[in-house]
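Please open the model in your viewer and keep the selection tool at hand. The stops below are given in the order in which they may be selected.

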Amino acid sequence: MKSKYISKLFLSLVGSAFLLMSCEKEDAMVVDRVVSPVLVTVAGSSFTAAEPVNLSATIYELNKSGLLNHEVGIDSIPLSNLAIKVKLNATTLADLTTDQAGKIILFKTWSELGLAAPKAGNTVNIEFSGSHKGQAFTKSARVQVK
C-alpha cells in the first residue's frame with residue numbers, strides 16, 4: 001500500500017515539475033543588423049611589393065522585383081554618381097564617385113597604405129562605405145602582398 005502512494009506521489013511531483021517548467025523568452029538580438037542596400041564587388045586582392053595597389057570596386061543596386069519569376073530573377077543595376085569613402089584604419093584614403101558603370105578605382109602605393117617595407121604575406125584591410133536611399137553601408141576588403 002505504501003509503495004502505491006509513493007509511486008502516485010512521485011508521478012504527481014514529476015507531472016507538476018513538467019507543468020511548472022517553461023521556456024524563457026529571449027530578448028531580440030543584441031546587435032541590430034540591417035541588410036545592405038547595395039552589392040559591392042571588389043576586384044584585386046594581391047599585388048607584389050614592387051607594384052602599386054590597384055583596386056576596383058563596382059556598386060550595384062539589387063532589383064528584386066523579379067525574384068519569384070525564374071526567367072527574370074534578381075537584377076544587378078550599376079549605381080552611377082554614388083559617393084564612396086575609402087578608409088584605412090578609420091583614416092580616409094580617398095573620396096571617390098562611381099562612374100556610369102558603378103565602378104571606382106583606387107590606386108595607391110604600399111607606403112600610402114601604411115606598409116613602408118611590404119613583405120610577402122602582409123595584409124591591409126580597406127573599407128568602402130557610402131549611403132544609398134538613406135541607408136549606410138560598408139564593405140571590407142583585404143589586400144595582400146604576394
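Select Leu39, Leu62, Leu67, Leu68 and Ile74: in this predicted model, these residues make up a nonpolar patch on the surface, and their accessible area together is about 490 Å². Within the patch, centre the view on Ile74, which lies in strand 4, residues 73-78. Is Ile74 buried or exposed, or does it fall in between? Ile74 is partly exposed, because its relative accessible area is 43%, and the partly exposed class lies between 20% and 50%.

Next, keep Leu39 displayed and add Thr58, a residue of strand 3. Leu39 is one of the contacts of Thr58. Beyond its neighbours within four places in sequence, Thr58 also meets Val40, Thr41, Ala101, Gly102 and Lys103. Thr58 has a relative accessible area of 12% and is therefore buried, the limit for this class being under 20%.

Now turn to the nonpolar core. The largest one holds 26 residues, and those touching the most other members are Leu55, Ile84, Val86, Trp110, Leu113, Ile126 and Phe128. To see where the core comes from, colour strand 1 (38-43), strand 3 (53-66), strand 5, strand 6, strand 7 (103-108), strand 8 (123-132) and strand 9; each of these contributes at least two core residues. In soluble globular proteins, nonpolar side chains tend to be buried together.

From this core, select Phe128 and show its surroundings. Apart from neighbours within four places in sequence, its contacts include the core residues Leu55, Ile84 and Val86. Val42, Ala57, Lys85, Ile104, Phe137, Thr138, Lys139 and Ala141 are also in contact with Phe128.

Move on to Val143, located in strand 9, residues 135-145. Its relative accessibility is 0%, so Val143 counts as buried. Which residues does Val143 touch, not counting those up to four places away in sequence? They are Ser45, Phe47, Val53, Leu55, Trp110, Asn122, Thr123, Val124 and Ile126. For one of these, Ile126, draw a line between the C-alpha atoms: the separation from Val143 is 7.5 Å, with their positions 17 residues apart along the chain.

Finally, display the open sheet of five strands, ordered 2-9-8-5-6 with mixed pairing. Strand 2 (46-47) and strand 6 (91-97) are at the edges; each has a single partner strand, so one side of each lacks a neighbour in the sheet. At the strand 6 edge, look across to strand 5 (residues 83-88): the two run antiparallel and are joined by six bridges. One bridge to select pairs Ala83 with Thr97 of strand 6.

Technical notes. Residues numbered from 1 in each chain as written. Predicted model: local features only at pLDDT ≥ 70, side-chain atom pairs only at ≥ 80, totals over all residues. Heavy atoms only, no water. Helix = DSSP H or I, 4+ residues; strand = E, 2+ residues; numbered from the N terminus. Buried < 20%, exposed > 50% of the residue type's maximum accessible area, 1.4 Å probe, protein only. Contact = heavy atoms within 4.5 Å. Pairing = 2+ DSSP bridges. Core = buried A, V, L, I, M, F, W, Y, C linked by side-chain atoms within 4.5 Å. Patch = residues over 30% accessible without salt bridge, like charges linked within 9 Å, V, L, I, M, F, W, Y side chains within 5 Å. Areas by Shrake-Rupley, 256 points an atom, 1.4 Å probe, with all protein chains shown as cover. Salt bridge = Lys/Arg side-chain N within 4 Å of Asp/Glu carboxyl O.
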